[in-house]
Amino acid sequence: MVSVATSADLSVNVGALRLTNPIIAASGTFGYGLEFSHLVDLNRLGGIVVKGLSIEPMEGAPAPRLCETAGGMLNAVGLQNVGVRAFVAEILPKLRAYHTAVVANVFGKTVQEYVRVIEVLEGADGLTAYELNISCPNVGKGGVQFGSDPGLAAEVVGTVKRVSRRPLWVKLSPNVTDIGAIARAVEGAGADVLTVANTYMGMSVDPQTRKSRLGNLTGGLSGPAIRPITVRLVYEVCQAVKIPVIGLGGIETAENVAEYLVVGAAAVQVGTASFVDPRATERLVGGLEKWCVDENIFSMSELRGSLGK
Ligand SMILES: Cc1cc2nc3c(=O)[nH]c(=O)nc-3n(C[C@H](O)[C@H](O)[C@H](O)COP(=O)(O)O)c2cc1C
C-alpha cells in the first residue's frame, strides 16, 4: 500500500540541537526578535538569530544604509547594536518567554573582543547557541578579515571554543576564493555548525549625483539575486565538512527552503524576505508543511542531502 502524507514532521537536528522546524530568522534582519512579536508568532519558528552583538554598543554606518537592487538589496548597517550587556540585562529576559531557539550572533574587532562578548553571554540563561560572525563586509576592523583567511578563522574559533559551553555556529563569508578551505579550518578548530553565508560585497552608484547609494560607499548584497550562488556554496561546504551546515541566501518560498535542504543543509535562515513581508518566516513554516504534504514528504530527513546525480 502506498502511504500518503497528510502532515509532515518538520523537526530537524542541527548537531546536538533539535529544532521544531528548519526555519530560523537570520541575524540583522529580525531585530532582537521582540520587534516582530506583534506580527509573527515567535513560538512557531525553528529559531531566531539576533542582531550581531559587540562588547560595547555600536552606532553603525552613516545613512543611507539600504538600497534596493535588481532581485535584492545592498545594506551597510555597520553592526549597529545595543552592546552585549544591555542585551543580557534588558532584552534576553523578555525573549525567555518564548519557546524558540534563541541564538546570539557575536561580533568582535579582535579575537579578544569575541571572547569578551562570549564571556558576558556565558553568564546568561536562555540562549541555545552562539553564531560567530566572521564575515561582516561592512565594518572597518574584524568581520570579514577573520573570515577570509583559514588561519585567522581557526584562531578566532579555537579561542572562543575554549571559553564557550554552548554550541558554536560560525557564519562564513561568501567573499572568498575557496570556501571549502575556510570551512575545514573552522571545523578543525572546533566549530559545531557552519552558517553559509553572509552577504556579497557590492556597490551601487547614482550616476547623476556621482555618489554611492550607501553612506558607507560599499555594502553587502542579499535577497533572491544571491540564491543560486549561495546554494552552490552550501553544496560545496556540505561536501567539505562533516558538521551540519545551515544555508541562507535569498530564501522566499518553501521550495527555496527545500532546495537548500536537498544540497545538504540541516536548516535554513531567512533574512531579506522579512523586509518584503515581515511575516515571511512564519509564513514559510506553514508553506513548508503544505509543500511537503503536496510532495508526499513525511520528514525533513527525506530532503536533506538528497541531491540526485
Ligand atoms: C540589513 C541587514 C543586516 C544584517 N546584519 C547582520 C548581522 O548583524 N550579523 C550577521 O551575521 N549577518 C547579518 N546580515 C546578513 C544576513 O543575516 C544574511 O546572511 C544575508 O542577508 C543573506 O540572506 P538573505 O538573502 O536571506 O537576506 C545582515 C543582512 C541584512 C540585509
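**Exercise 1. A residue beyond a helix**

Where is the place of Asn 296 relative to α9 (280-294)? Describe its backbone and its accessibility in this predicted model.

*Solution.* Step 1: Asn 296 has its place in the segment after α9, the helix that covers residues 280-294. Step 2: the phi angle of Asn 296 is near 60°, a positive value in a residue other than glycine. Step 3: the relative accessibility of Asn 296 is 30%. Since buried means under 20% and exposed means over 50%, Asn 296 counts as partly exposed.

**Exercise 2. A positive phi in a loop**

Locate Arg 210 and state its phi and its accessibility class.

*Solution.* Step 1: the loop between β12 (205-206) and β13 (211-212) contains Arg 210. Step 2: although Arg 210 is not a glycine, its phi is positive, at about 60°. Step 3: Arg 210 counts as exposed because its relative accessibility is 68%, and the cut-off for exposed is over 50%.

**Exercise 3. Cis peptide bonds**

For the peptide bonds between Ala 63 and Pro 64 and from Val 196 to Ala 197, give the omega angle and the structural setting.

*Solution.* Step 1: Ala 63 and Pro 64 are joined by a cis peptide bond with omega of about -10°. Step 2: Pro 64 belongs to the loop between β4 (47-49) and β5 (66-69). Step 3: the bond from Val 196 to Ala 197 is cis, and its omega is near 10°. Step 4: Ala 197 lies in the loop that runs between β10 (193-196) and β11 (200-202). Step 5: Ala 197 also contributes a polar backbone atom that is 3.1 Å from an oxygen atom of the ligand, which leads to the next exercise.

**Exercise 4. The ligand and its surroundings**

Describe the site of the ligand, the composition of its shell and the polar contacts made by Asn 133, Ala 197 and Gly 250.

*Solution.* Step 1: the largest pocket holds the ligand. Step 2: the ligand is surrounded by 25 residues, of which Ser 27, Lys 171, Gly 223, Gly 250 and Thr 272 are the closest. Step 3: sorted by class, this shell has 15 polar, eight nonpolar and two charged residues. Step 4: Asn 133 places a polar side-chain atom 3.3 Å from a ligand oxygen atom. Step 5: a polar backbone atom of Ala 197 is found 3.1 Å from an oxygen atom of the ligand. Step 6: for Gly 250, a backbone N or O atom lies 2.7 Å from an oxygen atom of the ligand. Each pair can be compared with the cut-off for a polar contact, which is within 3.5 Å. Step 7: the ligand taken alone exposes 610 Å², and the protein buries 97% of that area.

**Exercise 5. A glycine that approaches another part of the chain**

Is Gly 271 buried or exposed, and how far apart are the C-alpha atoms of Gly 271 and Gly 223?

*Solution.* Step 1: Gly 271 has its place in the loop between β16 (267-270) and α8 (273-276). Step 2: Gly 271 is buried because its relative accessible area is 14%, and the limit for buried is under 20%. Step 3: Gly 271 and Gly 223 are 48 residues apart along the chain, and their C-alpha atoms are separated by 7.7 Å. Step 4: Gly 223 is one of the closest residues to the ligand.

**Exercise 6. Side chains that reach backbone nitrogens**

Which backbone nitrogen does the side chain of Asn 75 reach, and which lies 2.9 Å from a polar side-chain atom of Ser 173?

*Solution.* Step 1: Asn 75 is in strand β6, which comprises residues 72-75. Step 2: with a relative accessible area of 16%, Asn 75 is buried. Step 3: its side chain reaches the backbone nitrogen of Val 77 at 3.3 Å. Step 4: Ser 173 lies in the loop between β9 (168-172) and α5 (179-188). Step 5: Ser 173 is buried, with a relative accessible area of 2%. Step 6: a polar atom of the Ser 173 side chain is 2.9 Å from the backbone nitrogen of Asn 175.

**Exercise 7. Two C-alpha separations**

State the C-alpha separations for Gly 28 and Lys 51 and for Ile 24 and Glu 90, together with the settings of Gly 28 and Ile 24.

*Solution.* Step 1: Gly 28 lies in the loop between β3 (23-25) and β4, and at 31% relative accessibility it counts as partly exposed. Step 2: the C-alpha atoms of Gly 28 and Lys 51 are separated by 4.4 Å, with their positions 23 residues apart along the chain. Step 3: Ile 24 is found in strand β3 and counts as buried at 1% relative accessibility. Step 4: Ile 24 and Glu 90 are 66 residues apart along the chain, and their C-alpha atoms are separated by 22 Å.

Methods. Residues numbered from 1 in each chain as written. Predicted model: local features only at pLDDT ≥ 70, side-chain atom pairs only at ≥ 80, totals over all residues. Heavy atoms only, no water. Near = heavy atom within 4 Å. Polar contact = N/O pair within 3.5 Å; in protein donor to acceptor, adjacent residues only side chain to side chain. Areas by Shrake-Rupley, 256 points an atom, 1.4 Å probe, with all protein chains shown as cover. 1 Å grid on protein atoms, 1.4 Å probe; cavity = no way out; pocket = protein on both sides within 12 Å on 5 of 7 lines; lining within 4 Å. Sits in = over half its atoms within 2 Å of the grid points. Nonpolar A, V, L, I, M, F, W, Y, C, P; charged D, E, K, R; others polar. Helix = DSSP H or I, 4+ residues; strand = E, 2+ residues; numbered from the N terminus. Buried < 20%, exposed > 50% of the residue type's maximum accessible area, 1.4 Å probe, protein only.
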